[in-house]
Amino acid sequence: CWLLKNEVMENGRGIWPYQYSVDFRGDVIQPPWVCSFGQSYAALAFLLWFQHSQNSEYLEAACRAMRTVVTPLAAGGTKSFLGRGVFFEELPNDTHIFNAHLLSLIVLHKLYQCGVVEFQNDFQEGIIGFEYLASFMDSGNWSNYDVPKFFDRQFQCRLSRNLKELL
């Protein structure tokens, strides 16, 4: 399959690096970079193939993909360390994008359901990280995409107050 043919192997990890630069709120990320969202979707595809075929090659490929997710950012993975718990980053710059983290947690849990215990601690630390940052997800009107930087939050608060005054 395409995913297996394009997997970059490194120290027991499977990596599908992004080969383009991306500008996220003025922070330009140069290639190659790794994304917990992409890695987790690759792992999820492998898990589904494993469940359908019972071919253990796919389960091992899912594990290799998630080994990259649970590797620290500084070592080429996606895991950042918080005051409490960890966060699996979509971008390698501590943006704390929630959907990427949540998908990573789902895949780690699905691996556990398939009998893989290797990632149990990472899953628990990821849940603690989510609980630690969950209040930042609630904007009061909808959910935030990521944890805004301090300046962004100040701007949002001022904007929110100004809008209330207009109503």
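Is aspartate 94 buried, exposed or partly exposed in this predicted model? The first close-up takes up that residue.

**View 1. Aspartate 94 sits in the loop between β6 (86–88) and α4 (98–113).** With a relative accessible area of 39%, aspartate 94 is partly exposed, because that label covers values from 20% to 50%. Look at its backbone too: phi is about 55 degrees, a positive value, although aspartate 94 is not a glycine. Why pause over the sign? Most residues other than glycine have a negative phi.

**View 2. Arginine 25 lies in the loop between β3 (22–24) and β4.** Here is another residue to check for its backbone angle. The phi of arginine 25 is near 55 degrees, which is positive, and the residue is not a glycine. Its relative accessible area is 54%, so arginine 25 counts as exposed, the cut-off being over 50%.

**View 3. A cis peptide bond links proline 31 to proline 32.** The omega angle of this bond is about -10 degrees. Proline 32 belongs to the loop between β4 (27–29) and α2 (36–53). Most peptide bonds are trans, so this is a good place to stop and look.

**View 4. Cysteine 1 is partly exposed, while cysteine 35 is buried.** Cysteine 1 has 38% relative accessibility. For cysteine 35 the value is 3%, and it counts as buried because the cut-off is under 20%. How many disulfides does a search of the whole structure find? The search finds zero. As a reminder, a disulfide is a covalent bond between the sulfur atoms of two cysteines.

Note on methods
Residues numbered from 1 in each chain as written. Predicted model: local features only at pLDDT ≥ 70, side-chain atom pairs only at ≥ 80, totals over all residues. Heavy atoms only, no water. Disulfide = S-S within 2.5 Å. Buried < 20%, exposed > 50% of the residue type's maximum accessible area, 1.4 Å probe, protein only. Helix = DSSP H or I, 4+ residues; strand = E, 2+ residues; numbered from the N terminus.
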